[in-house]
Amino acid sequence: MKPKSLDFWLDSLRSHWDSYLVRGTDEDFSDFAIALNGLTEHINRLRLPGLVRQCAGLEADVLRHLTPQVENHPLGKTIARAINRQVESLLDAI
C-alpha cells in the first residue's frame with residue numbers, strides 16, 4: 001500500500017472540517033480528529049518540529065471536544081471559530 005501524501009492529509013483535514021461545519025455531527029468531528037491525527041503523524045515523519053507542535057496544539061484542543069455525548073455537537077460558535085482559526089493558521093503555515 002502506497003503511503004498517503006501530504007496533499008492527501010491536507011485535503012482530508014479540510015474536507016472533514018468543512019463537513020463538520022456544515023452538518024455539526026459528532027461523527028464529522030471524529031472524522032476531522034482522525035484526519036488531524038494523520039496529518040500530525042505525517043508531518044512528524046517529515047521531521048518538521050514547528051509544524052508538529054502546531055498540529056499537536058490543535059489536536060489537543062480538538063480532543064477536549066471529542067466526546068460520545070451527542071449534545072456536545074455542534075460546537076458553540078466561539079469554539080468553532082477558535083478551531084477554525086487554528087486550522088487556517090496551520091494550513092497557511094504548511
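I began with helix 3 of this predicted model, and listed its buried residues as Leu-51, Val-52, Cys-55, Leu-58, Glu-59, Asp-61 and Val-62. I then asked which helices these residues pack against, and I found helix 2, residues 26-45, together with helix 4, residues 77-93.

Next I checked the length of helix 3, which covers residues 49-64. Its 16 residues, at 1.5 Å a residue, should span 22 Å, and because I found its end C-alpha atoms 23 Å apart, I noted that the two values agree.

I turned to the nonpolar interior and looked up the largest nonpolar core, which has 21 residues. Those with the most contacts inside this core are Phe-29, Phe-32, Leu-39, Val-62, Ile-83 and Leu-90. I noted that helix 1, helix 2, helix 3 and helix 4 each supply at least two residues of the core, and that helix 2 gives the largest share, six residues.

I followed Phe-29 further, leaving aside its neighbours within four places in sequence, and recorded contacts with Trp-17, Tyr-20, Val-62, His-65, Leu-66, His-73, Leu-75 and Ile-83. Val-62 in this list is also one of the buried residues of helix 3.

Last, I looked at Ser-12, which lies in helix 1, residues 6-23. Is Ser-12 buried or exposed? I entered Ser-12 as buried, because its relative accessibility is 12% and the cut-off for buried is under 20%. I also looked up the separation between the C-alpha atoms of Ser-12 and Pro-49, which are 37 residues apart along the chain, and wrote down 21 Å.

How values were computed: Residues numbered from 1 in each chain as written. Predicted model: local features only at pLDDT ≥ 70, side-chain atom pairs only at ≥ 80, totals over all residues. Heavy atoms only, no water. Helix = DSSP H or I, 4+ residues; strand = E, 2+ residues; numbered from the N terminus. Buried < 20%, exposed > 50% of the residue type's maximum accessible area, 1.4 Å probe, protein only. Expected span 1.5 Å × (residues − 1). Contact = heavy atoms within 4.5 Å. Core = buried A, V, L, I, M, F, W, Y, C linked by side-chain atoms within 4.5 Å.
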